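Trainee: Walk me through this one, please. I would like to start with packing and then turn to contacts.

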Amino acid sequence: MKFFSLKIILPAVLISIIPFISTFSAFAAGHGKIVIGHSACLSGKYAKAGEQAVGGIEACVDWVNNEYGGITLGGKKVPLKYKKYDCESKKESVTSLIGRLITVDKVDVVFAPYSSGLTLRGAPIAESHQMLYMDHGGANNKIFEQGFRYAVQTIGPATSYHKGTLDMVKKIAPDAKKVALAYEDSEFATMVMEGAKNHAEKLGFEIVFERTYPKGTTDLTPLLSAMKAAKPDFVLGGGHFEDGQLFNRQMADLNINVDCLSLIAAATLPAFSDALGHMAEGVMGPSHWEYGVTYSKEAAKEKGKQWIGPSQDEFVSLFKKATGDQKMLPDYHAAEAGAQVLAYVLAVEKTGSTDSDKVRAALGDLEFMSFYGSWDIDDSGLQVGHSMVDVQWQDGKRVIVWPESAQTGKPCYPMPTFDEKKDGKKALP
Amino acid sequence: MLLEQLSGNLIQGVVLGAVYGMATMGLSLIFGVLKVVNVGHGAFVMVGAFVTLFFFSSLGLNPFIAIPAAFLVGILLGLAFYYAAIKKLLNAPELATLLATFSAGVLLEETVKMIFGSEYRGFNWDVGKVDLIVTALPMSKIFAALGSVAIALLLYVWFKRTRAGSAMRSVVEDSHGARVCGVNVDGVYAMSFALGIGLTVASGVLLTMFIPVGINPYMGGGYTLKAFVIAVLGGLSSPYGAFFGGLVFGLIENTSYTLFAFIPGVEPFSLTRFLSFLILLIILLIRPTGIIKAK
């Protein structure tokens, strides 16, 4: 009887604990921890953005482990562990390191490297291992048009970059009709241009100029002269930092005055104003996050959204602790990478598992707010909940001017002419 | 409207072309005398840009003062590189000097990156502008173009009126003959290489006065490509030819954009580049030594 009971009971017990085994097996590999793997850009051409992203992730991992108490899983609080390798901003390193993170380090989730190109390069590797692949630095919509099942985006898509600027002009300057679009001929910038064009047409603006320029160009004079002849009310353009500087500088050289100039990637960086001085006054740029945004627990409550994570100031303090540099402030690269940690934590808690399929499904249903703003994805994994902010240089300082819910100051529209700026006029509302 | 744009771009093209020409003279001089193709050319231009940045941003000095300083830096770099590598490779296959100059360029880029970092930098030297109805020209660009013309003239006078210049011309014409006539050919090689690098680094100052943004250790690549087109256009071995080649290239680059803009469905900038390299190919096919003969 005793023997018969054991024969029946033992398999029954084993079968009943299988779901628990699968739940705990993943983090058992990390010695009772849930492990985030990251192919980080710590050197090479994306080293600056990579340094910020790592700082943001470490800041939020610190918050989860020490303030939040760890991830609630199976009734226990499980700490997060962060495992990173330097991919040197190289595509070939990304593929091998992601493979290593999954097969050797047995991580529970892979965070993509910075940039659309590197993110896209790593996605098939994660996909082949059926591993959740979270994208904090690849804005190109095309990543999410490939049919990847495990890719999830936190950074806003490229097509949304200039939507806020167009909405702002529509609202504060109803008489402005003519817009010029001039972007770098790169995959990312042309995607931004496509989004801007569609939104401009939707809002009823007339596109009077639409051109691209090659990457690495050193003289935009012919393009800008043609743009001047089109007499736009405002200009949207850019691509990367170097051509953004050139764009602004040569518009000043040719005395091309418009009511609003918004440049992607360049205008939100301090070095932009350092290099251009008074010429940068009044110039705008879209950003995924800026210090000073007003996302808070209270704002989340008002919108009926779940809140998680440190406040903005707590994030800044944790970031400084993580980087060991008290002078370095986090930028949007840090914020979006940090917010990705928080999204993962909520999804794991929601599904009660670290299994990639289950967490991916939970992320699909997730909506929340953190210091970074709102988070929500569509079926393809593309970020649709996060709104960008528009920053304007006013009296040598960056001011968040749009959307109204996040603004730290009113926009200056129209911005002063280049001659007025030379005479010392500031772009003040 | 078309005429206004075209004439505006013509003026911009001449001013830019003068600086492009100056930026190619060093490349042509080195090829003309030593038959060495300096594929690291752009990295030496970049050094000049950083010298300007240092003078203007760190020392608060006028970028014009950076020209002699950059020239001196270039001379020293040129002499060091010549005696460390080029001299030993002069009789080696051409690939050896190509690789050596390529390596020197990478070495310079990485060294500057270690010292200054990889960020894009710029400065704002605002000395007013001239409004010409059809376009506006900042004085900094005019100064850069005038500086280029002045340096080209000085080089011309030096070649024509000095013994060292005559020795250099004789080596270009026939190095064996020059040696037989008592010219210190090895000395001329060293001097030419140093002078060529000095001119290239100094041209970095003028290019930075023209476009004072986007200063970065890897900024030179685009200038290397353009310099090769200009050098072929003007005559591979002729520094003066390179100067006039630069003028022509600046005009092509600026005016063709306006005309290409009328072709529906194309991006004019892409066609401008296409045209530049098409011209390069045609010249190489019909006159491989370039349009202007070395003097």
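What follows is a short exchange on the core, the chain contact and the domains.

Mentor: This is a predicted model, where local features need pLDDT of at least 70, side-chain atom pairs count only at pLDDT 80 or more, and totals for chains, interfaces and linings use all residues. Residues are numbered from 1 along each chain as its sequence is written, and chains are lettered from A and ligands numbered from 1 in the order in which they are written.

Trainee: Which helix gives the largest share of the largest nonpolar core?

Mentor: A nonpolar core is a set of buried Ala, Val, Leu, Ile, Met, Phe, Trp, Tyr and Cys residues joined through C-beta atoms within 7 Å. Buried means 20 or more other C-beta atoms within 10 Å of the residue's own, with C-beta atoms placed from the backbone. This core has 229 residues, and A:Val110 and B:Val19 are among those touching the most other members. The largest share, 15 residues, comes from chain B, residues 185-210: helix H8 (helices are DSSP runs of H or I, at least four residues, numbered from the N terminus).

Trainee: Where does this core lie relative to domain 1 and domain 2 of chain A?

Mentor: Domain bounds come from an automatic or database domain assignment. Domain 1 (29-156 + 292-375) and domain 2 (160-287 + 388-422) of chain A both give residues to the core, so it lies between them.

Trainee: How many residues of chain B are in contact with chain A?

Mentor: Contact means C-beta atoms, placed from the backbone, within 7 Å. Chain A contributes 30 residues, and chain B contributes 31.

Trainee: How far apart are the C-alpha centres of the two domains of chain A?

Mentor: Their contact takes nine residues from domain 1 of chain A and 10 residues from domain 2 of chain A. The C-alpha centres of these domains lie apart by 30 Å.

Methods
Buried ≥ 20, exposed ≤ 12 C-beta atoms within 10 Å, placed from the backbone. Helix = DSSP H or I, 4+ residues; strand = E, 2+ residues; numbered from the N terminus. Contact = placed C-beta atoms within 7 Å.
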